[in-house]
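Student: Hi! Could you pick one part of this model and walk me through it closely, cut-offs included? I would also like to see how it sits within the rest of the chain.

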Amino acid sequence: KSYFTQDNSVELFFSGEEKFDALLKSIKEAKSFIHMEYYIFELGNIGQQILNLLEEKAAEGVVVRLIVDSFGSPDLVKYMRKQKHSKIDFYAFLPVTFTSLANSNYRNHRKICVIDGRIGYVGGINISDRYINNIAPQQKYWRDTAVRIQGLAINLLQVSFWNSWNQTDGESFYLEDGYLQALQNNKDIKGNASVGFISSDPASLGPFNMEALLIAIGEANQKIQLCTPYYIPSEELERALIIAASSGVEVELMIPKYSDSILVHHASYSFLKPLLERGVKVFLYKKGFLHAKTAVFDEKLSFVGTVNLDIRSFYINYEVAAVISDPALSQNLSSQFERDKEESELLTLKDWKDRPKWKRAADSACRLLAPLL
């Protein structure tokens, strides 16, 4: 949980290539420190570029702290353990070993970068070539969303990283030692966005990200637009969407037509029938793989983060989402949703019922695994 900060500047990115261009530029311009926390960090083209640049900045004296999830980034963990002379302060989050297999269930799903306490990145885009749609060979188009934030909201993102760092074996650092942005240093930021962050983890007092979404759904009066690659909702979320649609709010949900997990695909379909029966519009994105985790409410309030609409994200994973109050940004995010609808097909209740019986049986079978997916 966090409070809102005002007068932030927020920029949206709708693909990996957009985000990586901006991220590389920000890293190159870093003067004091770079803090990165990623679920997946692969040593492909972009991963190697970023890692090389981080080594260069560290050699210049910039403090570089890097956390990756040990389950999501096993190759980078192995690689960095061999780099005895690296100046990057690197740690794997909850290392998975034979004696700690239970750690594999608690995944740090966050994608965070904080630079000099002035620029922050967060969203669904990991460090991987799969998110770049202008390199060859590209087998599948990836649609994702991330944001760059400048302003006092960065302090909240910094605290989130600091909490994660303190769960590693890394040497502690004090936030007051130049890692937080002072109010007087924020005067050159030109923006109108109010921004807060919702962080949750297995030890949270409650499923804060889900609760924030439930509040926003309940407050919506006109339209709700949700994007998620995985729809395996809690009972509370499903009921909230049904109530919103039944009360006259236009509720639209977009998921991939083709998932990267056959189990998740069938489990997700098992939860769609109640929504369709109550008038929720379900769009199946078919241009490629929709990996964005976003929500827009009445084109006024937006969520952009790492949180899928599934039980794992709500209760088990380490997650973070930016909550942004900015009509211009929300309208931009809503416009992207409309463009994505042109690359999607509308799933009707008749379509759902007309599917082969074996597919519906597979839906039911996979639903039994929903809490584990």
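Tutor: What follows starts with one helix and its neighbourhood, then moves outward to the rest of the chain.

First, the ground rules. This is a predicted model, in which local features need pLDDT of at least 70 and side-chain atom pairs count only at pLDDT 80 or more, while totals for chains, interfaces and linings use all residues. Residues are numbered from 1 along each chain as its sequence is written, and side-chain values use heavy atoms, with hydrogens and water left out.

The part to look at is helix α4, residues 153-165. Helices (H or I, at least four residues) and strands (E, at least two) are DSSP runs here, numbered from the N terminus. The expected span of a helix is 1.5 Å times one less than its number of residues. For the 13 residues of α4 that gives 18 Å, and the end C-alpha atoms lie 19 Å apart, which agrees.

How much of α4 is buried? The helix is mostly covered, with 10 of its 13 residues buried. Buried means under 20% relative accessible area, exposed means over 50%, and partly exposed is in between, using a 1.4 Å probe on protein chains only. The buried residues of α4 include L156, L157, F161 and W165, as well as polar ones such as N155 and Q158.

L175 brings us to what follows the helix, because this residue sits in the loop between α4 and β9 (193-200). L175 is buried, with a relative accessible area of 11%. Its C-alpha is 7.8 Å from that of V159, though the two residues are 16 apart in sequence. Leaving aside neighbours within four places in sequence, L175 is in contact (heavy atoms within 4.5 Å) with Q158, V159, W162 and L180.

L175 also leads to the chain's nonpolar cores. Such a core is a set of buried Ala, Val, Leu, Ile, Met, Phe, Trp, Tyr and Cys residues joined through side-chain atoms within 4.5 Å. The largest one has 81 residues, and I34, M36, I50, L66, L272 and F297 have the most contacts inside it. Apart from that core lies another, of 31 residues, with V10, F93, L175 and A322 among them. As for L272, its contacts beyond four places in sequence are Y231, L253, I255, V282, L347 and W352.

For a polar site, turn to S313 in helix α9 (residues 311-315). S313 counts as buried because its relative accessibility is 0%. Its side chain makes a polar contact of 2.8 Å with the side chain of E319. The cut-off is a pair of N or O atoms within 3.5 Å; within protein, one must be able to donate a hydrogen and the other to accept it, and residues adjacent in sequence count only if both atoms are side-chain atoms. Beyond its neighbours within four places in sequence, S313 is in contact with S200, T306, V307, N308 and E319.

Now the charged pairs. Searching the whole structure finds 12 salt bridges, each a side-chain nitrogen of Lys or Arg within 4 Å of a carboxyl oxygen of Asp or Glu. In one of them, E37 and R110 meet at 3.9 Å, N to O. E37 lies in strand β2 (residues 33-38) and R110 in the loop between β4 (89-93) and β5 (111-115), so this pair ties together parts 73 residues apart in sequence. Both E37 and R110 are buried.

Another bridge joins R130 and E42, whose closest N and O atoms are 2.5 Å apart. R130 is in the loop between β6 (119-123) and β7 (142-143), and E42 in the loop between β2 and α2 (45-59), 88 residues apart. R130 counts as partly exposed at 31%, and E42 is partly exposed at 32%.

E338 and K223 form a salt bridge too, with closest N and O atoms 3.9 Å apart. This pair links helix α10 (residues 327-341), home of E338, to strand β10 (residues 223-227), home of K223, across 115 residues. E338 is partly exposed at 31%, as is K223 at 21%. Salt bridges that share partners join K223, E252, E338 and K341 into one network.

Finally, the whole chain. The secondary structure comes to 12 helices and 19 strands, and 57% of the 373 residues count as buried. Contacts between residues 24 or more positions apart make up 80% of those with a separation of 6 or more.
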